[in-house]
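Trainee: Please take me closely through the salt bridges of this model, and then through the parts of the fold that surround them, with a word on how far each can be trusted.

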Amino acid sequence: MKRLQKIQFTRAQSDARRGVITPLAAIVLLVVMTGIALIVNRLWLDAASLEVTTCVETAALAAGHELVSDELLKEKPDYHLLMERAETSANQALKLNTVAGQRIGINLTKGDNLHFGKLVPVEETGLRKFLQTDHEPQSIQIKTHNSSRLANPVADFMSDLTHTDLGRTSAQIEATLDNNVQGVRPFENVPVPAYPLAILKIDPTGKHTETWELQINQKRGRDEYRFDPETKTVSRGSDGIPEIILTGKPRRGEITDANMQLLDFGSDFKSEAVVRQIRSGLTRKDLKHFQGELLFNGPPLPIHCSPDIENAEQDAFQAMIGQCRICFLYDQVTASSQKYDGTADCTNLVAGRIMAVQRADNQTTKIILQPAVMTTRTAILAQPQADPSAAISTQKQTADSLKPVANKYIYKLYLTR
């Protein structure tokens, strides 16, 4: 019979074994904790980067809104003033937004991390590239590569340990303005900022001198009102932009006596619906009979109209003094058999703000309107210009007819990078 031999460890050997395992466990724990820390840092950095991008996008869009204003309608627009306003607005937008619960920690400065310019096509690729210029800029570029490190202990520790910028976030954003507008289309819960109001564009008969062509395009209108963009108020005084006097149909008058028309966008001229459209704009439901959009890239668009402005509509226009809204231009109006309404042939979109509303002795409503400049997401842009040579060979069209017509009053602002 064999006996099992017992091996006894001395106390010194047992202590030595524990002395080896303890440091090994500490090293394994350190590796595991480091991995977890890196994962947490990666998730934090992704979230912070998204917030930085959103914050900078907001700043770029805020700057873009300041680049288009009524200043562009003056004889000599002050683009340096517009760029100064854009810089101020962009910095204010950054201050109002936070990243990881704190300020982004950068200051936008023109020529440093805030650039103005245009998007120009590149012949080789056909793509558009940002070109920095102060001459009539229509694009904004913001770079935040040098943003300060955000407070994250893991990121700070790992950045110091590895001599990297793990704790820093950056973004490069571009926003561009485009005024090759051919129509408008509302979104869900986003109405078109437009009045159901049409203005006489031209009058070949010479009956009306208060037309958009004469008073605004040829600048024959009076310049008696001004709008303060800081206070958003209207006051008496000259600002270099002429006004047009819009007049409804007088008592016992004809539809052609008016140089403005209320348009029927599903309202049937019921005061409640018209007042809502004046105050809030045109919704998808309002444009149901127009397939949800209004396009002016072809023949005139005939729209049911009325020259009568009732007290409720007049009060609504009065409440909108100083607000910039889209209006429509019409070339001619045809009276219906009832002679109190008709059809206006609308041809174009413009923008303007009401400066004053008056009621004349003959019960005619007079609206003094000044042209204005605005941006809207609801603008429909013209398609990119086609190849002129191909179009001529197939459709016998000229190159000029293929070029979209720029709208000096309405722009669409969107992110291009």
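Mentor: The protein chain has a mean pLDDT of 82 (the predictor's confidence in each residue, from 0 to 100), and 76% of its residues reach 70 or more. Confidence is highest in strand 8, at 98, and lowest in helix 7 (residues 388–395), at a mean of 40, where helices (H or I, at least four residues) and strands (E, at least two) are DSSP runs numbered from the N terminus. Residues 146–151 have a pLDDT below 50, although this stretch has 24 contacts in the model beyond near neighbours in sequence, a contact being heavy atoms within 4.5 Å. Residues 385–403 also have a pLDDT below 50, with 12 such contacts. This is a predicted model, in which local features need pLDDT of at least 70 and side-chain atom pairs count only at pLDDT 80 or more, while totals for chains, interfaces and linings use all residues. Residues are numbered from 1 along each chain as its sequence is written, and side-chain values use heavy atoms, with hydrogens and water left out.

The structure holds 10 salt bridges, each defined as a side-chain nitrogen of Lys or Arg within 4 Å of a carboxyl oxygen of Asp or Glu. One of them joins D286 to R276 at 2.7 Å, N to O, and this pair links distant parts of the chain, with R276 in helix 5 and D286 in the loop between helix 5 and strand 13, 10 residues apart. D286 is buried, with a relative accessible area of 5%, whereas R276 is partly exposed at 34%; buried means under 20% relative accessible area, exposed over 50%, and partly exposed in between (1.4 Å probe, protein chains only).

The loop between helix 5 and strand 13 also holds R284, which forms a salt bridge with E188 in the loop between strand 7 and strand 8, 96 residues away along the chain. The closest N and O atoms of R284 and E188 are 3.2 Å apart; R284 is partly exposed at 45%, and E188 is exposed at 52%. In the pair E71 and K74, the closest N and O atoms are likewise 3.2 Å apart, with E71 buried at 10% and K74 partly exposed at 29%. R222, E224 and R236, for their part, are linked in a network of salt bridges.

Strands 7 and 13, which flank the loops just described, belong to an open sheet of 3 strands in the order 13-7-19, with antiparallel pairing (two strands pair if DSSP finds at least two bridges between them). Strand 13 (294–295) and strand 19 (379–381) each have a single partner strand, so one side of each is left without a neighbour in the sheet. Strand 7 (residues 181–184) is joined to strand 19 by 3 bridges, and V184 stands opposite A379.

Helix 5 appears again around helix 6 (residues 311–319), in which E313, Q314, A316 and F317 are buried. These residues lie on the same side of helix 6 because they cover an arc of only 160° around the axis, the arc being that of the directions from the helix axis to the C-beta atoms. What covers them includes helix 5 (271–280), strand 8 (194–200) and strand 16 (342–359).
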